[in-house]
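Subject: Structure handed over, with notes

Dear colleague,

I am passing on the structure we spoke about, together with my notes on it. Please open it alongside this message and read the two together.

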Amino acid sequence: MVCMPRLIFITLLVFSLCNCKEKDKKRPSFKAENFTEHYIEYAKGTLLLPLNYDRITHENLPYIVAKKDSMSLLNGLLKFLEADRKDYALFSNQENSNDVILILKSEYINFSKSDANQYLGLLEQNMSATYGKGSYERLEKKLTQTERSKYVKIKYRIRGQQGYFHQTHYVVTSAATTFGLIELRTEATDYEDLIKRINYLVN
């Protein structure tokens with residue numbers, strides 16, 4: 001898959017920067033008024049996210065960073081992304097700067113089940129090299145087809161310096177676009193339901 005090494009590298013960076021604690025909460029029922037629409041240009045679609053997520057832009061960057069811990073995942077991730085000049089959309093939870101959603105631009109890939117398995121293999125190799133056996137657990141791996149798109153989802157539970165955190169990686173493709181999305185959350189729940197709800201302008 002064309003852009004998989006790039007997505008894997010950033011995933012591992014997120015792993016190495018994370019320093020957060022696990023929380024367990026029940027998933028709330030979906031209500032549209034609890035979410036905000038965010039248009040993602042290179043995803044050619046609108047993504048719903050909870051109201052407490054801020055999109056990091058050049059305009060609000062100084063304010064966002066100023067009010068966050070200088071050692072937070074968000075701060076470290078921003079420095080890397082800005083230095084490398086990658087095309088991305090980054091969202092941070094106002095209540096927890098170690099709770100982020102990163103969306104990465106990718107070349108179009110009409111991937112197959114074989115591609116998904118290859119990608120999983122690369123991720124597993126990097127996970128093992130970075131953490132060693134016993135430091136992480138793969139919770140989920142699947143390839144899903146919806147009316148609007150198809151996506152690979154791979155989810156891990158990882159033991160960090162101060163407890164466990166969850167990382168969910170998606171590679172999503174619709175009729176005209178492909179993008180990567182990395183979710184890093186202290187909670188066990190993920191936002192797969194919101195990935196399914198992306199409203200593509202081109203399909």
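Below I go through the two sheets, a helix and a cavity in turn.

Please keep in mind throughout that this is a predicted model, and that what I describe has been computed from it.

I begin with the seven-stranded sheet, which is open and antiparallel in its pairing, with the strands arranged in the order β3-β4-β5-β9-β8-β7-β6. At its edges stand β3, residues 53-55, and β6, residues 136-145; each has a single partner strand, so one side of each is left without a neighbour in the sheet. From one strand to the next the twist averages 15 degrees. At the β3 edge, three bridges connect β3 with β4, which covers residues 88-93, and the two strands pair in the antiparallel sense; within this pairing, Tyr53 is placed opposite Asn93 in β4.

Helix α4, made up of residues 113-131, lies across three strands of this sheet, namely β6, β7 (150-160) and β8 (163-173), and it runs at about 15 degrees to β7. Asn117 belongs to this helix, and, because its relative accessibility is 33%, it counts as partly exposed, which is the class between under 20% for buried and over 50% for exposed. Although Asn117 and Lys141 are 24 residues apart along the chain, their C-alpha atoms are separated by 9.3 Å.

The other sheet is also open, and its three strands follow the order β1-β2-β10 with antiparallel pairing. Here β1 and β10 take the edge positions, and since each has a single partner strand, one side of each is left without a neighbour in the sheet. Strand β1 (residues 35-40) pairs with strand β2 (residues 45-50) over six bridges in the antiparallel sense, with Tyr39 standing opposite Thr46 in β2. These two strands form a hairpin in which four residues lie between them, and Lys44, in the turn, has a positive phi of about 50 degrees. On its other pairing, β2 is joined by two bridges to β10, residues 199-200, again in an antiparallel arrangement, and there Gly45 faces Tyr200 in β10. Strand β2 is mostly covered, as six of its six residues are buried.

Finally, what empty space is enclosed in the model? The structure holds one cavity of 30 Å³ or more, and the largest cavity has a volume of about 40 Å³. Its lining is formed by Ile40, Ala43, Gly45, Leu47, Ile103, Phe179 and Ile198, and these residues divide into six that are nonpolar, one that is polar and none that is charged. Gly45, which stands opposite Tyr200 in β10, is thus met again as one of the residues that line this cavity.

With best wishes,
A colleague

Technical notes:
Residues numbered from 1 in each chain as written. Predicted model: local features only at pLDDT ≥ 70, side-chain atom pairs only at ≥ 80, totals over all residues. Heavy atoms only, no water. 1 Å grid on protein atoms, 1.4 Å probe; cavity = no way out; pocket = protein on both sides within 12 Å on 5 of 7 lines; lining within 4 Å. Points joined across faces, edges and corners; volume = space filled by probe spheres on them. Nonpolar A, V, L, I, M, F, W, Y, C, P; charged D, E, K, R; others polar. Pairing = 2+ DSSP bridges. Axes fitted to C-alpha atoms, helices over the stretch in contact; angles between N-to-C directions. Contact = heavy atoms within 4.5 Å. Buried < 20%, exposed > 50% of the residue type's maximum accessible area, 1.4 Å probe, protein only.
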